[in-house]
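Here are some notes on the model you sent round, point by point. Have the viewer open while you read.

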Amino acid sequence: MKRLLVLGAGTAGTMVVNKLRPLLSDDEWAITVVDQDDAHQYQPGFLFIPFGPYKPGDIVKPRRDQLRAGVDLVLGEIDLVRPDQNTVDLADGRSLDYDYLVIATGTSPRPDQTPGMMGAEWRQSVFDFYTLDGARALARKLATWEGGRLVVHITEMPIKCPPAPLEFSFLADSFFEKRGIRDRVDITYVTPLDGAFTKPVASGLLAGMLEERQIAIEPDFYIERVDDEAKTIVSYDERVIPFDLLVTVPLNMGADFVARSGMGDELNYVPVDKHTFLSPKWDNVFAIGDASDIPTSKAGSVAHFAVDVFTHNFLQHVSGEEMTHRFDGHANCFVESGAGKAMLIDFNYDVEPLPGKYPIPGLGPLTLLAERRMNHWGKLMFKWIYWHGLLPGRRLPVPTSMSMTGKEVATTTTREMEKVQ
Amino acid sequence: MSLATVADREVHVDAEGFMTEYEEWSEELAPTLAANIGIELTDAHWRAIRFLRDDYRTQGETPTLRRVTTVGGIPTKELFDLFPKKPAKKMAYIAGLPKPAGCV
């Protein structure tokens, strides 16, 4: 009996086991997935929680219920991977042996990594919205907040779901407008990037959207500390930004056991081949989803496209064949823009987000890189697709590799040249 | 991709002036590249630049600011003093490495 061990039953890990289970014979393969708890969270849902009511049952479901029959779920904290012995130690003393290991333990916000962030103002005037607790605490704050200086802040790249802080800013603008206090709120978007977003065409467009909404942008801001007495954030080059309400995206890091096991980079991400997800160091270790160091967005859509490629490759790899499928870094994200509209962006390792139609070239029904009501409905509908289509490993009617058909390339010629200084 | 002349030598650069061919760089080019962005090199600058060159050779990627601090052992604050405002980009520019990709 061969043993496939998957660490993490989140978006990527759940898809991996659910896709592979029907393809690997029950007589030859045992599939086990480990997680520290039995609560699978629909993370894209967190974004809306600060701005209104939500149904907890739509956002959190038991992990066990998302797994196919024939997949064992082990609940326990991972202490150490011993890749030279093909063993994983759990904190409670249990050990799990494997023939093949897939690390899918994602990335987590780490407010403890920035001095002062978790000080006296944490969850008083300093909030995150990437955790269920944080999003709910922020909802309570926003419901009664009287206005002042709102600072939306990104600590350091990479972060999971990179458009989320922009979406948060757009939704906040709409929210305060609706509450009739927009004129009493001053919104500043503070980022370590040199513009609104990571890719030039989208960045230019999103910067315009910030400007239209009178949201100021402070680029190239690399935070040194939160001064919770003065209620300011301070950068390494000594810029000081005051806040009444700080909504921050803390430093994102991979799991600590990755570092303890000597398998990670400086942010605990597992280095793997960006086209196959195989570790260059251990021939039976893969990392997929946010846990890996591949240079594309940390997002569920990436995990989805990645798992499609991985499944084929894994079957080849375990049969001793060469892996012939190559991941192109494909990502797509809905970008909620407030007032019931959203944009959609679609890109990969080599091609930045461009305007066009998706998923059917020329027809859509979704429109790339433009604010549309239809895109907003797409984003809301995605929650159903996530639980009922994506996690169970059903085929979705979207291509795995990014397609240039339906995209308008001409706009890239207007790309602004940017100086180093 | 285009050609630029740095210290009388032709090198390949991208649209923003970052050198794109690792082997085309040598230490003689660094003072000119640094001067282009208003920096005069000291031993402290060289320590960072040499780390970047070595790290790129083994990793195949321009290191992030965090990596220069945690692996290269140079405090972030010092990097901001040496290469004001945009240390990650400025170090890469002087070291003849591609623009840091850390932003995806």
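1. Before anything else: this is a predicted model. Chain A comes first below, then chain B, then the contact they make.

2. Domains of chain A. The domain assignment splits chain A into domain 1 (2-106 + 255-318), domain 2 (111-251) and domain 3 (331-414). Taken over C-alpha atoms, the centres of domain 1 of chain A and domain 2 of chain A are 30 Å apart. Their contact draws on 10 residues from domain 1 of chain A and 18 residues from domain 2 of chain A. On the domain 1 side of that contact in chain A, you'll find six nonpolar, two polar and two charged residues.

3. A sheet in the 78-97 stretch. In chain A, three strands make an open sheet in the order β6-β7-β8, with antiparallel pairing. The edge positions go to β6 (78-82) and β8 (95-97) of chain A; each has a single partner strand, so one side of each has no neighbour in the sheet. From one strand to the next, the twist averages 20°. β6(A) is joined to β7 (residues 87-90) of chain A by four bridges, and the two run antiparallel. If you want a pair to click on, take Arg82(A), whose bridge partner in β7(A) is Thr87(A).

4. Another sheet, further along. The strands β15-β16-β17 of chain A, in that order, also form an open sheet with antiparallel pairing. Here β15 (223-227) and β17 (240-242) of chain A stand at the edges, and each has a single partner strand, so one side of each is left free of a neighbour in the sheet. Neighbouring strands are turned by 20° against each other on average, ignoring direction. Between β15(A) and β16 (residues 232-235) of chain A there are four bridges in the antiparallel sense. Ile223(A) sits opposite Ser235(A) in β16(A). When you look at side chains here, keep the usual rule in mind: in a regular strand they alternate between the two faces of the sheet.

5. The hairpin at the start of domain 3. Which strand does β21 (residues 331-338) of chain A pair with? The partner is β22(A), with seven bridges in the antiparallel sense. One pair to check is Phe334(A), which has Leu344(A) as its bridge partner in β22(A). The two strands form a hairpin with two residues between them, and Ala339(A) in the turn has a positive phi of about 55°. As for β22 (residues 341-347) of chain A, six of its seven residues are buried, so the strand is largely enclosed by the rest of the structure.

6. Chain B overall. Chain B has five helices and two strands, and from the N terminus on the elements run β-β-α-α-α-α-α. Is its radius of gyration what a compact globule of 104 residues would have, or what else does it show? The rule gives a value near 13 Å and chain B has 13 Å, so the two agree. Along its principal axes, the C-alpha trace of chain B spans about 35 × 30 × 20 Å. Buried residues account for 34% of the 104 residues in chain B. Of the contacts in chain B with a separation of 6 or more, 47% are between residues 24 or more positions apart.

7. Phe18(B). This residue is in the loop between β2 (9-13) and α1 (30-36) of chain B. Is Phe18(B) buried or exposed? It has 20 C-beta neighbours inside 10 Å, and therefore counts as buried. Beyond its neighbours within four places in sequence, Phe18(B) is in contact with Val13(B), Ala92(B), Tyr93(B), Pro98(B) and Lys99(B). Thr32(B) is 14 residues away along the chain, and the C-alpha atoms of Phe18(B) and Thr32(B) are separated by 13 Å.

8. Where the chains meet. The contact takes 22 residues from chain B and 18 residues from chain A. On the chain B side, α3 (65-70), α4 (76-82) and α5 (87-94) each supply at least two residues. α3(B) gives the most to that side, with four residues. By type, the side of chain B that touches chain A divides into 10 nonpolar, four polar and eight charged residues.

Definitions and conventions:
Residues numbered from 1 in each chain as written. Chains lettered and ligands numbered in written order. Predicted model: local features only at pLDDT ≥ 70, side-chain atom pairs only at ≥ 80, totals over all residues. Domains from an automatic or database assignment. Contact = placed C-beta atoms within 7 Å. Nonpolar A, V, L, I, M, F, W, Y, C, P; charged D, E, K, R; others polar. Rg over C-alpha atoms; globule rule 2.2 N^0.38 Å. Buried ≥ 20, exposed ≤ 12 C-beta atoms within 10 Å, placed from the backbone. Pairing = 2+ DSSP bridges. Axes fitted to C-alpha atoms, helices over the stretch in contact; angles between N-to-C directions.
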